[in-house]
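The following exchange concerns how structural terms are applied to a protein model. Each answer sets a value against its definition.

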Amino acid sequence: MARVVSLFLPQWPTDRLRRRSDAASLPPDQPLVLVGRDGNRRIVLAADTNALKQGLRVGMPATKAQALVPGLVIHDARPQEDAQALGRLALWTLRRYSPIVAVDGLDGLVIDITGASHLHGGEQALLVDLVQRLDHAGILARAAVAESWGAAHAVARFVRQPTSLVPVEATQATIAELPIAALRLDGAIVDGLRVLGFERVGDLLAQPRAPMTLRFGPELGRRLDQALSILNEPIDPLRPAEIVEVRRSFGEPIAAADTIAKYIGKLVGSLCGELETRGLGAKRLDLLMHRVDNTVEAVRVSTALAVRDTKRLTRLLCDKIEKIDPGFGIELMRLAASWAEPLSPKQTISSLIDKPEADISDLIDTLSNRVGDGQLYRFAPLASDVPERSVQRVAPSAPEVGDAWPDHWPRPARLLTPPEPIEALALLPDHPPASFTWRGSRRRVRRADGPERVFGEWWKRDAELAAVRDYFQVEDDAGERFWIYRAGDGENLATGSHRWFLHGIFA
């Protein structure tokens with residue numbers, strides 16, 4: 001089942017202009033338009049949100065727009081530069097999200113995420129991450145995922161919400177409510193349909209095809225079938241010249257898993273040879289298989305470190321064969337190193353007494369490609385006195401920086417997230433509890449050590465200016481040891497609620 005993302009950038013030219021260094025001084029609330037020539041006329045080719053709120057529209061004469069909005073900022077449009085920048089954005093998307101990405105018109109991208117969404121936490125998480133990253137870069141974006149390019153394109157442009165997820169079974173019902181312009185039809189066809197009283201896609205779905213085709217040609221039926229996934233619409237993936245790529249075409253289509261594995265090995269060997277010539281190592285490989293039915297199957301694998309080990313890369317790709325649907329056969333295979341880094345030769349062990357360095361990157365690569373890059377991590381120390389903030393997640397292969405957790409007070413092997421409230425009986429302000437109740441079980445304290453006072457990080461937020469915690473290590477009658485704390489210093493309520501919490505359990 002195909003899943004396609006359409007990314008729509010409604011104000012791409014103006015957003016890109018504001019990010020340019022020569023326009024960085026533009027006030028964010030100042031209306032901005034880009035103008036160009038249509039014959040002998042200068043017209044508005046793009047307008048930002050502020051200009052649209054003032055009543056300006058694309059296609060309006062530039063002189064009229066200037067008269068309607070005093071102080072309007074006008075710049076000349078640069079469509080060629082905008083197209084080049086959109087291509088660079090497509091390359092960024094290709095390297096981050098999916099091996100199949102293409103430019104969709106002048107203001108969008110299309111991304112095939114079939115089989116890749118789980119690596120980003122699911123379809124909704126992928127859309128949110130994509131839109132938020134663009135928003136942080138000052139680019140307004142809307143994204144939709146559906147089972148076809150046509151449906152995703154329509155929803156992204158005509159449903160006014162940042163992200164939209166269209167289930168397969170709801171495709172027809174969703175696009176039926178959209179205007180007929182959502183079908184990517186020629187403007188003359190849209191105008192002709194409106195003259196006949198057709199406003200929404202649902203109005204067309206109920207009509208017999210033959211009369212409509214006779215009057216408007218085959219494009220109308222083709223766009224409807226593409227949106228409903230009745231007719232396949234292939235995506236020609238972007239492949240910049242700097243990406244190292246090898247390919248293999250077949251006189252007879254292949255479909256057997258053993259045959260696919262055989263040619264994967266040959267492609268990897270050729271690719272590694274080309275990478276060695278350029279002094280590069282691959283960190284991400286994209287295998288694209290063009291089927292005879294004009295669809296593309298994609299497989300992506302990543303490595304923690306740049307490598308060009310033929311056996312290792314072949315094994316990673318062959319582990320994905322069970323997810324490949326060859327259909328009626330594969331007629332072309334393309335293997336590209338979409339992410340490559342310089343890789344210098346490494347000295348091998350030259351003495352019998354030298355010990356080999358431990359290398360678990362192969363295991364990391366195998367696990368990461370099965371569960372997703374973000375699902376595999378290790379914990380590392382972080383400079384913070386607050387216990388739950390003193391740990392961070394880092395990549396499994398991230399280099400050691402020499403940091404360590406403080407050892408002047410023992411820390412439990414297990415921290416509870418979040419700390420769990422307990423009922424405690426203690427003499428304030430400095431005595432440990434004589435007993436406490438946790439999860440309905442009352443425990444009498446036999447031994448205790450403390451308090452260890454931890455102050456709030458006042459530089460992060462005002463609420464922690466006076467906040468403190470007093471931590472105690474306690475042992476109950478059964479010999480179990482716990483790490484508990486009181487919120488506050490036991491005297492001043494401004495320092496905390498004086499409630500007790502269990503934060504950790506010692507091994």
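The questions below address a sheet, aromatic pairs, burial and charges over rings.

This is a predicted model, in which local features need pLDDT of at least 70 and side-chain atom pairs count only at pLDDT 80 or more, while totals for chains, interfaces and linings use all residues. Residues are numbered from 1 along each chain as its sequence is written, and side-chain values use heavy atoms, with hydrogens and water left out.

Q: What makes β3 and β4 the edge strands of the open sheet?
A: Strands are DSSP runs of E with at least two residues, numbered from the N terminus, and two of them pair if DSSP finds at least two bridges between them. The sheet has 3 strands in the order β3-β2-β4, with mixed pairing. β3 (41-47) and β4 (73-76) each pair on one side only, and they are the edge strands.

Q: How do you know that β2 and β3 pair?
A: Strand β2 (residues 32-38) and β3 are joined by 6 bridges in the antiparallel sense, and the criterion asks for at least two. V33 has A47 in β3 as its bridge partner.

Q: Why is the pair W438 and F482 called edge-to-face?
A: Rings of Phe, Tyr and Trp (its six-membered ring) pair if their centres lie within 6.5 Å; planes under 30 degrees apart count as stacked, over 60 as edge-to-face and the rest as tilted. The centres of W438 and F482 are 5.9 Å apart and the planes stand at 70°, so the pair is edge-to-face. It links W438 in strand β16 with F482 in strand β19, 44 residues apart.

Q: What makes F436 and F482 an aromatic pair, and of which kind?
A: Their centre-to-centre distance is 5.6 Å and the angle between the planes is 80°, giving an edge-to-face pair. F436 lies in strand β16 (residues 433-438) and F482 in strand β19 (residues 481-487), 46 residues apart. By the ring rule the count comes to 9 aromatic pairs.

Q: Why do W438 and F482 count as buried or exposed?
A: Buried means under 20% relative accessible area, exposed over 50%, and partly exposed in between (1.4 Å probe, protein chains only). W438 has 8% relative accessibility and therefore counts as buried. F482, at 1%, counts as buried too.

Q: How do you know that the charged end of R184 sits over the ring of W149?
A: The rule requires NZ of Lys or CZ of Arg within 6 Å of the ring centre and within 35 degrees of the ring normal. The charged end of R184 is 5.5 Å from the centre of the W149 ring and sits over it. R469 likewise lies over the face of Y485, at 4.7 Å from the ring centre.

How values were computed. Helices (H or I, at least four residues) and strands (E, at least two) are DSSP runs, numbered from the N terminus.
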